[in-house]
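Subject: Structure for your review

Dear colleague,

Please find below the structure I am handing over to you, with the sequence alongside. My findings follow directly after it.

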Amino acid sequence: MGIGSVALSWLLNQDQAHANPAVTRPDLKQPALEKQQFDLAVKPTHHPPRAKAMISMFMQGGPSHLDMFDPKPMLQKYDGKKFPGDIKYDNAAQASSKVLGSPWNFSKHGECGMELSELVPGLSEVVDDIVLMRSMHTSVNNHGQSIYAMHSGRILPGRPTLGSWLTYGLGSESENLPAYIAMVDPGGAPVLGVDNWTNGWLPSLYQGTVIRPKEPRILNLNAPPHLSGKAQEKYLDFLGNLNQRHLNQHPGEDDLSARIASYELAAKMQSAAAEALDLSKETKATQAMYGIDVPASAEFGKRCLISRRLIERGVRFVQIMTGNQTWDHHTSMRTSLPSACKRVDVPAAGLVKDLKQRGLLDETLVHWGGEMGRLPVIQNDAGVAKQGRDHNTYGFSMWLAGGGLKGGMTYGETDDFGHHAIKDKVSQSDYHATLMHLFGLDAERLTFTRNGAPQTLIDGQENRVVKEIIA
């Protein structure tokens, strides 16, 4: 519609004026300029990458590692008895000191013999392709702060999320789709809402684009009938002329340049997004692999399948969110936890299987996990049917697959009751440093200058790349 030529003219004008390219990666020792230029062009990495794209299935609320991933015989031995030690409750009013043994059985699976509970039969089929990390911790016992820690490195709001850092540091391999996509749950936005995919103080070009769980999945993607065709073309030409005039008067306006890029992308998305989101051409066998043929898992399965289609088309980072407090089982855990597992277990495993059979798993990093786990004691001790577990950010589990990682491996340990991580502990900074390393980036060298100082995802915190899990 003419928007591309407007942007190109401006970029050429900038090149002519400055003679040298602008710096978005000062760590690569490019010439420094007063004004940076931001785009989604593919960027060089610090070292050869193992991963090219990431799909993160974020289980907001705190899945119970003790009932799914981290078997503890001592829980069964002390079931109903007083917990033999100190424990920190988040909700003291409903707290109990009685140990809660898991109601579900654990067994070994795969060639690796990984122990999982009967709640995740789908995952048990792909254990030889995953790394199960049992020693995660953020050590701040609340949803909001722990979500911030897992997404953006610190417990405070306002910072860019992992997806924003990756798109800032790497750019995008798609010219027709957003680089960073967030897929929200039909049950509602997660705790903290848009903060889960915010660009923070990075340019708005790196914010996540929301795809809705129902049609229309992207609002306002297509023009209404009376504005389509020639009418839209003339409107965008007029808009392009206004933008060009403004850019000539104010060269180097990052927000305006990002806005122009968004307009250009929106025009391309009118056909590309519709095709990427269309599952009608996927075979019945593929849809069954994702659990789309089962009512309980159909919705989440569709989002997982769409995520595979998106990364196939060059999208860098896809975030699949569960709804507000879906996994926050303070009460009635014996019914609510199996229900949550049935929604996501088969689709998540299907995603790993599908990526592997298409040759995409080696370069696609898959993540499944939340911001915390649960405590080993009873919360809401008002009868077996009402029992639940309180928050625990001192030791919890999540799993990863693909993208240069080993398969069939468990890493780290919690104590005998699953309360604290005690061996090979992995903080959010270790997690982020490891992910960035897999993408060919040094998390402390990828910087953004803000208020005259270089900022990073790690933000000066102690960190290490967990090399033991890398193939």
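Directly after helix α6 comes Gly171, which has a positive phi near 75°. The model is a predicted one, and this applies to everything reported in this message. Helix α6 itself covers residues 162-170, and nine of its nine residues are buried, so the rest of the structure largely encloses this helix. The buried residues of α6 include Trp165 and Tyr168, together with Leu162, Leu166 and Leu170. Gly163, Ser164, Thr167 and Gly169 of α6 are buried as well.

The sheet

Eight strands make up an open sheet with mixed pairing, and their order is β7-β6-β8-β1-β9-β13-β5-β14. The edges are taken by β7 (209-211) and β14 (409-411); each has a single partner strand, so one side of each lacks a neighbour in the sheet. On average, neighbouring strands of this sheet are turned by 20° against each other, with direction ignored. In general, the strands of a sheet pair through backbone hydrogen bonds, in either a parallel or an antiparallel manner.

Strand β8 spans residues 317-321, and five of its five residues are buried. Which residues point to which side of β8? Phe317, Gln319 and Met321 point one way, while Val318 and Ile320 point the other way, and all of them are buried.

Two pairings of β8 may be of use to you. With strand β1 (residues 53-58), β8 pairs in the parallel sense through five bridges. Within that pairing, Ile320 of β8 has Met57 opposite. With strand β6 (residues 180-183), β8 also runs parallel, and four bridges join the two strands. Here Gln319 of β8 is the bridge partner of Ala182.

Towards the other end of the strand order, β5 (residues 130-136) runs parallel to β14, to which three bridges join it. Met409 in β14 has Val131 opposite.

Helices α10 and α11

Helix α11 comprises 25 residues (333-357). At 1.5 Å a residue, these should span 36 Å, and the end C-alpha atoms are 35 Å apart, which agrees with the expected value. The helix nevertheless has a kink of about 30°, centred on Lys342. Just after α11, Gly359 adopts a positive phi of about 75°.

Packed helices are described by the angle and the distance between their axes. Helix α10 (residues 295-312) packs with α11 at an angle of about 25°, and the axes are 8 Å apart. The two helices are therefore roughly parallel, and their crossing is right-handed.

Contacts between residues distant in sequence

Two C-alpha separations are worth recording. Glu125 sits in the loop between α4 (121-124) and β5. Its relative accessible area is 54%, and Glu125 is therefore exposed, the cut-off being over 50%. The C-alpha atom of Glu125 is separated by 9.0 Å from that of Lys353, although the two residues are 228 residues apart along the chain.

The second case concerns His65, which lies in helix α2 (residues 65-68). Is His65 buried or exposed? At 1% relative accessibility, His65 counts as buried. Its C-alpha atom and that of Gly369 are 9.8 Å apart in space, while the two residues are 304 residues apart in sequence.

Positive phi outside glycine

Most residues other than glycine have a negative phi. Two residues are reported here for their positive values. Asp424, which is not a glycine, has a positive phi of about 50°. Asp424 lies in the loop between β16 (421-423) and α12 (428-438), and at 32% relative accessibility Asp424 counts as partly exposed. Asn451, likewise a residue other than glycine, has a positive phi near 55°. Asn451 is located in the loop between β17 (448-450) and β18 (453-455); at 74% relative accessibility, Asn451 counts as exposed.

Yours sincerely,
A colleague

Terms used
Residues are numbered from 1 along each chain as its sequence is written. This is a predicted model: local features need pLDDT of at least 70, side-chain atom pairs count only at pLDDT 80 or more; totals for chains, interfaces and linings use all residues. Side-chain values use heavy atoms; hydrogens and water are left out. Buried means under 20% relative accessible area, exposed over 50%, partly exposed in between (1.4 Å probe, protein chains only). Two strands pair if DSSP finds at least two bridges between them. The expected span of a helix is 1.5 Å times one less than its number of residues. The bend at a residue is the angle between axes fitted to the seven residues ending there and the seven starting there. Axes are lines fitted to C-alpha atoms, for helices over the stretch in contact, and angles run from 0 to 180 degrees between N-to-C directions. Angles under 35 degrees count as roughly parallel, over 145 as roughly antiparallel, 65 to 115 as roughly perpendicular and the rest as oblique. A crossing is left-handed if the near helix is turned anticlockwise from the far one by less than a right angle, and right-handed if clockwise.
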